[in-house]
Amino acid sequence: MIEAVGLTKRYGAKTAVYNLSFQVRPGTVTGFLGPNGSGKSTTMRMILGLDAPSAGQVTIGGYPYRKLPNAPRQVGALLDAKAVHGGRHARNHLLCLAQLSGIPARRVDEVLGVVGLQEVARKRSKGFSLGMGQRLGIAAALLGDPQVLLFDEPVNGLDPEGILWVRNLMKSLAAEGRTVFVSSHLMSEMALTAEHLIVIGRGQLLADMSVTDFISANSADFARVRTPDTDPQQREKLSGALTEAGGQVLPEPDGALRVTGLPLPRISDLAHQADVRLWELSPHQASLEEAYMRMTQGAVDYRSTVDQRAGLQEQLPPGAQPQPHMPVPGQGQPGWYAPPPPQQGGQPFAMPQGAPGVPPAPAGTQPNPYAAPQAPASPEMTKRDSEEAR
Ligand SMILES: Nc1ncnc2c1ncn2[C@@H]1O[C@H](COP(=O)(O)OP(=O)(O)OP(=O)(O)O)[C@@H](O)[C@H]1O
């Protein structure tokens, strides 16, 4: 098991990880999610003893990595697939690693087979594609047949077949009772691979829960309503009636309306009362990817100034009036999950106290660097803005 308690890392004035506490248990794949720069790699480096925490601690099986007996046989990691001597053959690269850790040479051929690189085992790795490099990095992680495995973005650069292979590999390693901790940006991929999720934003814990709980807590129901294309006024009339009745209405690109906050029979009754014909009234669920992006959107450091809410805001159909944002689940809607409020207990991105799976901040923890009097970064804040704000 990997256990972090109050883990904090500062680089000068920059706090990369703040007061992270979580456990990664054996027998399941645990996904580690967060936007760019949220502190995933820093956390993984601290787990592997490559960076020393500024405060708190992280242990594997009860020991800090550097004190683990025979660490390379117990822990395997893929951190940076490019960190390979490009002039060496793939097999020689693995042989060197094996010799350093007292691992027999036959294991090198075994792992080359597992990752499917037997054919290119005697080719120099500098000629490898990104995906081949990832496979070589995974082979290195598997070399010591370790019980604990860490993978930082293992599907980076892999084609769909490679992504499927990594997914199945992670699952089978976990099914063998190993601890498998995998970082990714891709919520959709993690939903298929992991059973448990740890989500961070700006170095702080946003969620620590099973994928099933995350899905049921974050998926939001909505109705899609379509009026006849031939009469745009009908759509406006219905939109007004639904809003007046307490619903939130968002126009969709194809002319339909996305309605939240009203059950389907009520929408039907309101349309009937307003004398509006319906061509469609159907129930839907917001995607998990969308829920994840909403959860982390306040904790994103790097965002294009061209498309400030890429993926979060839909194109309006010609002539449609801009509407308020699609409501965030939990805000003003009974039965919807509330994502972490911006200023919970002075920690802009902390989960609400008592939220499932999120441990309370230990007594005597250091002051929160994010609790400075400055306003939290707005979703529109660009990298340069946020640096200036710091
Ligand atoms: N050696 C370092 N010196 C100074 N700042 C650093 C250092 N390493 C990381 N950081 C900063 O710490 C923050 C967290 O970085 P980290 O690489 O851990 O994030 P990440 O979640 O892995 O990002 P990505 O998804 O883009 O790989 C970033 O703001 C980064 O610039």
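This note goes through the ligand shell, two sheets and two helix pairs of a predicted model.

1. **Ligand shell.** The residues around the ligand are Tyr 11, Lys 14, Ala 16, Gly 34, Asn 36, Gly 37, Ser 38, Gly 39, Lys 40, Ser 41 and Thr 42. Two elements supply two or more residues each: strand E2 (14–24) and helix H1 (40–47). H1 is the main contributor, with three residues. By class, the shell holds two nonpolar, seven polar and two charged residues.

2. **Six-stranded sheet.** This sheet is open and mixed, with the order E5-E6-E7-E3-E8-E9. Its edges are strand E5 (75–78) and strand E9 (204–210). Each has a single partner strand, so one side of each has no neighbour in the sheet. From one strand to the next, the twist averages 15°.

3. **The E3–E7 pair.** Within the six-stranded sheet, strand E3 (residues 29–33) runs parallel to strand E7 (residues 179–184). Five bridges join the two strands. One register point to check: Thr 30 has Phe 181 of E7 as its bridge partner.

4. **Helices on the six-stranded sheet.** H5 packs on this sheet and touches E5 and strand E6 (148–152). The direction of H5 makes about 170° with that of E5. Helix H8 (residues 211–218) also packs on the sheet, touching strand E8 (196–201) and E9. Between the directions of H8 and E9 the angle is about 105°.

5. **H3 against H5.** Helix H3 (residues 90–100) packs with helix H5 (residues 130–142) at an angle of about 25°. Their axes are 10 Å apart. The angle is under 35 degrees, so H3 counts as roughly parallel to H5. The crossing is right-handed. On the H3 side, the contact uses Ala 90, His 93, Leu 94 and Leu 97. H5 answers with Leu 136, Ala 139 and Ala 140. Six of the contact residues are nonpolar, one is polar and none is charged.

6. **H4 against H5.** Helix H4 (residues 105–115) and H5 cross at roughly 135°, and their axes come within 9 Å. That angle makes H4 oblique to H5. This crossing is right-handed. H4 brings Val 111, Leu 112, Val 114 and Val 115. They meet Arg 135, Ile 138, Ala 139 and Leu 142 of H5. The contact has seven nonpolar residues, no polar ones and one charged. Ala 139 of H5 appears in the contact with H3 and in the contact with H4.

7. **Four-stranded sheet.** A further open sheet has the order E11-E12-E10-E13, with antiparallel pairing. Strand E11 (248–251) and strand E13 (280–285) form the edges. Each of them has a single partner strand, so one side of each lacks a neighbour in the sheet. Neighbouring strands are turned by 25° against each other on average, direction ignored.

8. **The E10–E13 pair and H10.** Strand E10 (residues 221–226) and E13 run antiparallel and are joined by six bridges. Arg 224 stands opposite Ser 282 in E13. Helix H10 (residues 264–273) packs on this sheet. H10 touches E10, strand E12 (257–260) and E13. The directions of H10 and E13 make an angle of about 155°.

Methods
Residues are numbered from 1 along each chain as its sequence is written. This is a predicted model: local features need pLDDT of at least 70, side-chain atom pairs count only at pLDDT 80 or more; totals for chains, interfaces and linings use all residues. A residue is near a molecule or strand if its C-beta atom, placed from the backbone, lies within 6 Å of it. Ala, Val, Leu, Ile, Met, Phe, Trp, Tyr, Cys and Pro count as nonpolar, Asp, Glu, Lys and Arg as charged, and the others, Gly among them, as polar. Two strands pair if DSSP finds at least two bridges between them. Axes are lines fitted to C-alpha atoms, for helices over the stretch in contact, and angles run from 0 to 180 degrees between N-to-C directions. Two residues are in contact if their C-beta atoms, placed from the backbone, lie within 7 Å. Angles under 35 degrees count as roughly parallel, over 145 as roughly antiparallel, 65 to 115 as roughly perpendicular and the rest as oblique. A crossing is left-handed if the near helix is turned anticlockwise from the far one by less than a right angle, and right-handed if clockwise.
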